[in-house]
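Ready for a short walk through a protein–DNA model? Keep your selection tool at hand and follow along stop by stop.

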2 protein chains.
Amino acid sequence: MSIKPAYMTATLAKGLDVLEALSDEEEAGLSDLARKMGLSGPTLFRLLATLAACGYVQKSAANRYRLTLKTWEIGARAVRRIGLREQAHPHMERLATELDETVHLSVLQGDGIVVIDKVDCANPVRVDTFVGLRAPLHGSATGKAILAFLPEATLDELLPSRLLRHTDATIIDRAALLRELAQVRRAGWARNREEWRPGVCAAAVPVRDATGTVVAALSVTVPSSRFANDVVRDRLVPALRRAAEAITREVTRKGQ
Amino acid sequence: MSIKPAYMTATLAKGLDVLEALSDEEEAGLSDLARKMGLSGPTLFRLLATLAACGYVQKSAANRYRLTLKTWEIGARAVRRIGLREQAHPHMERLATELDETVHLSVLQGDGIVVIDKVDCANPVRVDTFVGLRAPLHGSATGKAILAFLPEATLDELLPSRLLRHTDATIIDRAALLRELAQVRRAGWARNREEWRPGVCAAAVPVRDATGTVVAALSVTVPSSRFANDVVRDRLVPALRRAAEAITREVTRKGQ
DNA sequence: CTTGCGTTTTTCATATTTTGAAATAGGCTT
DNA sequence: AAGCCTATTTCAAAATATGAAAAACGCAAG
């Protein structure tokens, strides 16, 4: 993974790659991993020993390695610093109950969005998601709701020249996406109709902080069967908007 | 941080230390951090460049560095693999409502416990905690509830020879702690009376998986003023126990 | 109990990488 | 414009990481 800019300590990069590789699997053996990553046995052995010594990885009696929760712990502090989550949560619960749909709070992270909190609905027919889930910017309602309010320069950096196709409905034409983003800006909400995962739709609104900057997005993720246009317009979007505004007020109050 | 066992690639260890150092602060400048960590400017510069290239760190226009959510994202997958959380959450909500106290789900991680989920109570007088919080094994109800059911060998490894004192009430005598753990085993629940943080008490019960192994602990964290003995015995503990059993049943069912 | 294969761990000489001093370039303040 | 602090770049020296090969395991099958 990752490009190689001028200054780069190779060993650290390799170690981080190991971390990432491990996060893909329940657990892994040394030689398997070495093959998969193109590292020599001894090298990976030492990287893993270091990761283990630093507490990022655990080695079982059977010589299998797995991630500990240390990365998560470190990251949790970063998430906590965003704040927002505690203040948003009660509103998300209310929303999930009112709409009986799964509600997500997500933020921009790298070239995608990441779900930092969610509240499941009671409805047994629901989409499988989880806190920590990453979604593409151009293929998610959340992504579009955030993209639409970004400075143009940032947007250019974030959008790759070739938008990846995930389903038949994915918007891969840059101009078309920009048109849609303009529409999102006008309407104040974004939608995703099976553009990333078949059968999955969503509606999202931006969440602003006290200064009016968009810092996150609030969304409901809905199976296609329940995503009729009028329901979205008359039920989902108004409720989302109310919740987002309530969150902003909350943050503004708490902020001072 | 961290000891230096035989096999250890120094560069990776340094890079990980940088990650940890950054997690302590909102953001940091290069020279400050270099001083604080005892690294030379250029070295830290390269480590940060690598961390940035790999997406773990972001560099602002003003040359300030801060963690991204990448560590959290990686860790979130590990947490997700534990499962448990989704299944436990509804029971935790019920418990928080019933008792009007903050409920935590925590697991063993390194030489402490880490909160992997929580549900706040409505009561405005409550203890400040957060998902991702780490607590000492011997100074928390959760820690004791987990310790008590560990194989003796593991327990020996986990408990340092000198238990750290956090408050006047902290149990720092190993023999006393072992006696208390025996008591926890007998009673099936553990308590913490201001042993870690002044004013903060808690009661915890172990959570077992389908095989009967203790995999987590469920706890209520309560300000001292509400932690009367009879309340704990008659109200908190029975409710905790019911919830923990319900979670175990849930996990057992879902597992097959 | 032995043999043998696959894995992990250790050793070690070599090549590479990392390192920090010093020089350079930016920024910001006065 | 001068001064001070921080970030970057360069570069030769020094420390480190590297992988081949050897050694140690662990395990399954004979």
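The tour below begins with one protein chain and then visits each DNA strand in turn. Keep in mind that this is a predicted model.

**Stop 1: chain A.** Colour residues 10–68 as domain 1 and 83–255 as domain 2, following the domain assignment. The C-alpha centres of these two domains of chain A are 35 Å apart.

**Stop 2: DNA strand C.** Select the protein residues around DNA strand C: there are 20, and A:Phe45, A:Lys59, B:Tyr7, B:Lys14 and B:Thr43 come nearest. By class they are 8 nonpolar, 8 polar and 4 charged. Now show helices 1 (10–23), 2 (30–37) and 3 (41–53) of chain A, plus helices 1 (10–23) and 3 (41–53) of chain B; each supplies at least two residues of this surface.

Zoom in on the phosphates next. A polar side-chain atom of A:Lys59 is 2.5 Å from a phosphate oxygen of DNA strand C, and a backbone N or O atom of A:Ala10 is 2.8 Å from a phosphate oxygen of that strand. For a base contact, pick B:Arg46, with a polar side-chain atom 3.3 Å from a base nitrogen of DNA strand C.

**Stop 3: DNA strand D.** Here 19 residues surround the strand, with A:Lys14, A:Ser40, A:Thr43, B:Phe45 and B:Lys59 the closest. Of the DNA strand D atoms within 4 Å of the protein, 77% belong to sugar or phosphate and the rest to bases.

Which atom of DNA strand D does a polar side-chain atom of A:Arg46 approach? Select A:Arg46 and you will find a base oxygen 3.2 Å away. Finish at B:Leu30, where a backbone N or O atom lies 3.1 Å from a phosphate oxygen of DNA strand D.

How values were computed
Residues numbered from 1 in each chain as written. Chains lettered and ligands numbered in written order. Predicted model: local features only at pLDDT ≥ 70, side-chain atom pairs only at ≥ 80, totals over all residues. Heavy atoms only, no water. Domains from an automatic or database assignment. Near = heavy atom within 4 Å. Polar contact = N/O pair within 3.5 Å; in protein donor to acceptor, adjacent residues only side chain to side chain. Helix = DSSP H or I, 4+ residues; strand = E, 2+ residues; numbered from the N terminus. Nonpolar A, V, L, I, M, F, W, Y, C, P; charged D, E, K, R; others polar.
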